[in-house]
Amino acid sequence: MASASSTALGRNGRRVPIKMRWTRRISTMLGWTSCGLALLTLSGLMVWILEMVFVRGFSALTPTVLTTVTQGRGGGLLNAIEGTAVLSLGALLLAVPFGMASGIYVAEYHFSHWASVIGFLADVLVGVPSIVMGYFGYVTMVEWLGWNFSVAAGAIVLAIICLPYICRTTELALKQVPGEIREAAYALGASDRRVILRICLPAALPGILTGILLALAISVGETAPLLYTAGWSSFMWDGHLTHSPIGYLTYAIWTFINEPFASANALAYAAALLVTGFVLLINVVARFTLKRTNI
Amino acid sequence: MRFRNWLAILAGVLPMSLVVILVFLTVYAWPAIRFNGWGFAFRDMWNLGNLYADSVTSGGVSIQPGAEYGILFLIAGTLLSTLIALMFAIPVGAGAAVFLAEAIPGQLRTWISLFVELLAAIPSVVFGLWGYVVLIPFLGHHVFPFMSSTLDLVPFFGGPPGSGYGLLTAGIVLAMMVVPLITATLRDALVSQPVALKEATIALGATRFEAIRYILLPRTRGVLIGATFLALGRALGETMAVLMVSGNALNYLPQNIYSPISTMAAFIVSQLDSALQDPSGLAVKSLAEIALVLCVISVAVNAAARLMLAAWGRRLSTVEGA
């Protein structure tokens, strides 16, 4: 934009304005305008969505919603909140050891063939649509193993979805640890195990924890893989891992918005507020942690 | 056993799970694959057959009489909605990336980028909710009728404007979900370009925008293509948002861009309940075949995107000597 009034050094040593063809001026102006409009569109849409989620969500969010279970066309979301927590934490419990192990292997043994295979397949696994994971869970665990709709089936499917994210963030965090530290540790006679577990992992911990938080956000926001693995229940979780379905917040959004009752719709808005608020909070926190640790 | 071997075994769970998913889906869907043949992708017919008759055996597979499975309408819906999404997402995403990288200074850029890219973090069911509650009434009552009457003579834009559920709505919602991917990736690439290039171009008399348009954007074309493929992969497999705004058409090819559609991912969710009514079990297995097709397509698209982005990263690191 500034260059529309650029100057050049003239023959007599004075600055003279550059004469630009009017087509260039117009195309430059049009270019900036359309780029600005694109960004404005994007922010406008974000504001529009947030406005709906927060305005309708807060007006629907009452103490009863947080303290009672779902009853018919109304009630509360306590069962769904508990279910989302159980499923997501269960998924993390399963995914963190394996995801971290693969991340460590990919980062620390990056010269090996197996590491490049794992790294590439982690990227591929990210690309598998979540509904395909859900259908796989339905076919294998719900049907074949006969677990029915259950916490175990839902949590295992969510864990597979989280695996590649945890693997990749662990790998990135470990790659930030300077190689000299490893060399120094090896020079002092430390074994692989000691170098990785006592030297590198502690140094990379903030980055890894951030990755785990992001995986938590992903599993809290998932719907499709849970529909046919976790099912839905209007009651609190009975503690069984198999053979009993469990509720979760994203299901409430999907189902209750289709009901013709204002009380059911209000539950959907409240659930949307809880899920979106939680997910956005984690993402903002993660963004700042990652910035500080320079990943 | 050595520490490294233990680690390798634990790490093997990740590739194992991908293999297990593919193998189980293939084995489970095998009778359907045999029965449906290649015509699966070209027939426009999803028909469970007569559910009250006894199962008959055809070609070694137990089916209900009259059952026929073809997903041409799903393939059309998936491809068309994704195409519309990319047609919106690429220009908007690239434009926003250029403006963020080149027109907004330091600290402000961080904040606005964060705000816009958080769009990618919003769960898909919330996009669906927004589409269902806000976007569909708006488009269905005001925009589509107006578009259909003014663009009556343009192919695919005329005709009945529908109720707001359909191809264009699904495309718009999908575009919003994938646009942050394009913006974030391209913005990073633009910011990491050497300043000297831009300075040299401006010194030759180009405006800043011309420097971006003719020098920086062509250099980052590879990134844009890679990011587009990532977006494509995400849009193809998107379920909940599409399910809530697409109108869930069955055996119906879209007539114009307001027509109801369904996509492969959304169809799996919307049809499982009725597929379970099929006593021969072939309907559920055909759904598994859809899942398998979808899985293979998305994996291929995603792998291509990763390879392209990786190749671009290598090229950048070799070109930037200075």
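Domain bounds here come from an automatic or database domain assignment. For chain B of this predicted model, that assignment yields two pieces: domain 1, covering 3–68, and domain 2, covering 71–319. Measuring from C-alpha atoms, the centres of domain 1 and domain 2 of chain B sit 28 Å from each other. Where these two parts of chain B meet, domain 1 puts in 25 residues and domain 2 puts in 20. On the domain 1 side of that contact, α2 (13–36) and β3 (61–63) of chain B each chip in at least two residues. The largest share of this side belongs to α2(B), with 10 residues. As for what this face of domain 1 of chain B is made of, the split is 18 nonpolar, 5 polar and 2 charged residues.

Chain A is also cut in two, with domain 1 at 2–60 and domain 2 at 63–293. Here the C-alpha centres of domain 1 and domain 2 of chain A are 40 Å apart. The contact between them draws on 6 residues from domain 1 of chain A and 6 residues from domain 2 of chain A. On the domain 1 side, that works out to 4 nonpolar residues, 1 polar and 1 charged.

Then there is the contact between the chains, which involves 68 residues of chain B and 72 residues of chain A. On the chain B side, helix α12 (residues 282–319) gives the most, with 11 residues. The chain B face that touches chain A breaks down into 52 nonpolar, 11 polar and 5 charged residues.

Some individual helices deserve a look too. In chain A, helix α8 (residues 192–221) has 30 residues, and a straight helix of that length would span 44 Å at 1.5 Å a residue. Between its end C-alpha atoms, however, α8 of chain A spans only 38 Å. This same helix, α8(A), has a kink of about 60° at A:L205, shortly before the proline A:P206.

Over in chain B, helix α3 (residues 72–102) packs against helix α6 (residues 167–191). Two packed helices are described by the angle between their axes and the distance between the axes. For α3 and α6 of chain B, the axes come within 6 Å and cross at roughly 35°. The crossing of α3(B) with α6(B) is right-handed. Sorted by type, the residues in the contact of α3(B) with α6(B) come out as 25 nonpolar, 5 polar and 2 charged.

Definitions and conventions: Residues numbered from 1 in each chain as written. Chains lettered and ligands numbered in written order. Predicted model: local features only at pLDDT ≥ 70, side-chain atom pairs only at ≥ 80, totals over all residues. Contact = placed C-beta atoms within 7 Å. Helix = DSSP H or I, 4+ residues; strand = E, 2+ residues; numbered from the N terminus. Nonpolar A, V, L, I, M, F, W, Y, C, P; charged D, E, K, R; others polar. Expected span 1.5 Å × (residues − 1). Bend = angle between axes of the 7 residues up to and from the residue. Axes fitted to C-alpha atoms, helices over the stretch in contact; angles between N-to-C directions. Left-handed = near helix turned anticlockwise from the far one by under 90°.
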